[in-house]
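Please go through the aromatic ring contacts of this model in question-and-answer form.

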Amino acid sequence: MQRLHLHLLSDSTGETLEMIAKAALAQFDGADVVRHFWPMVRSMQHLDRIMGEIAANPGLVLYTLVNPETRERLETRCVALGLPSVAALDTVTDALQQQLGVQAKGRPGRQHMMDEAYFARVDAIQFTIAHDDGVNWENWEEADIVLAGVSRSSKTPTSIYLANRGYKVANIPIVVESPPPPMLFSLRRPLVVGLTTSPERLIAVRRNRLLSLNQAPETAYVDNDQVTREVQYARRMFADYGWPVIDVSRRSIEETAAAVINLYNERTAGAGGDGAKPI
């Protein structure tokens with residue numbers, strides 16, 4: 001497979017464009033792709049400097065530029081260089097315009113505006129950080145979601161990911177020798193979700209964690225019998241209280257979070273709400 005230079009041009013942070021490119025490239029195993037990332041392209045002078053780099057490394061150009069003059073200059077220069085260029089969001093934007101019956105605003109970075117949804121996400125992130133690993137359990141009733149699971153079952157990264165989607169999340173480690181606060185079993189507002197994994201997978205993750213900390217890799221923390229007992233103890237607790245359970249053994253953080261959001265939306269819809277959160 002030949003090497004491809006992929007140029008990503010955005011008039012904002014470029015986060016959306018990067019995600020689109022990443023999702024598309026994931027369909028090509030072993031692709032030899034060199035990414036060139038050009039965010040905040042908002043002037044002709046900036047674009048002209050970038051075109052020099054593109055000419056030196058010809059390839060595919062993906063862009064999210066809303067200014068018509070900048071777009072036209074880019075497209076014209078790409079045609080002159082014989083390079084393909086793709087407006088990554090045009091098809092979706094055109095479809096929305098047709099369905100909504102209004103023209104798109106054409107303003108760069110509007111998804112990053114500091115509106116009500118933005119501040120709701122900030123609030124969710126602050127809440128989630130302040131309620132990590134069982135801290136401040138007295139405020140759990142204010143959470144949208146509480147994640148419970150044994151140590152190294154991806155509770156914290158999943159919580160942070162969900163917080164960035166606008167959900168207030170608390171998490172609590174399930175430890176055999178130290179039962180969680182009684183409040184966990186009487187929560188009414190939050191959705192409590194149990195995260196579980198296979199003992200073998202958990203041992204591998206924990207051993208890698210110990211090695212990264214330059215600690216002895218053979219302790220009770222990674223003992224097969226001990227870990228199996230922990231996992232069984234957590235699963236019994238989840239079953240006793242009827243909490244939905246997600247096995248994270250083969251799931252990425254994003255996949256686990258998506259499963260949690262589905263559970264949250266189903267619960268909220270059953271209660272008469274729509275479950276919508278900022279994205």
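Q: How many aromatic pairs does the count come to?
A: Rings of Phe, Tyr and Trp (its six-membered ring) pair if their centres lie within 6.5 Å; planes under 30 degrees apart count as stacked, over 60 as edge-to-face and the rest as tilted. This is a predicted model, where local features need pLDDT of at least 70, side-chain atom pairs count only at pLDDT 80 or more, and totals for chains, interfaces and linings use all residues. Side-chain values use heavy atoms, without hydrogens and water, and residues are numbered from 1 along each chain as its sequence is written. By the ring rule, the number of aromatic pairs is five.

Q: Why does the pair of Phe185 and Tyr241 count as stacked or tilted?
A: The ring centres of Phe185 and Tyr241 lie 4.4 Å apart. Their planes meet at 20°, so the class is stacked.

Q: How many residues apart are Phe185 and Tyr241?
A: Phe185 is in the loop between β6 (169-173) and β7 (191-196). Tyr241 is in the loop between α8 (224-240) and β8 (245-247). Helices (H or I, at least four residues) and strands (E, at least two) are DSSP runs, numbered from the N terminus. The pair links distant parts of the chain, and the separation is 56 residues.

Q: Which residues do ring pairs link into a cluster with Phe238?
A: One pair is Tyr241 with Trp243, with centres 5.5 Å apart and planes at 25°, so this pair is stacked. The cluster linked by ring pairs holds Phe238 together with Phe185, Tyr241 and Trp243.
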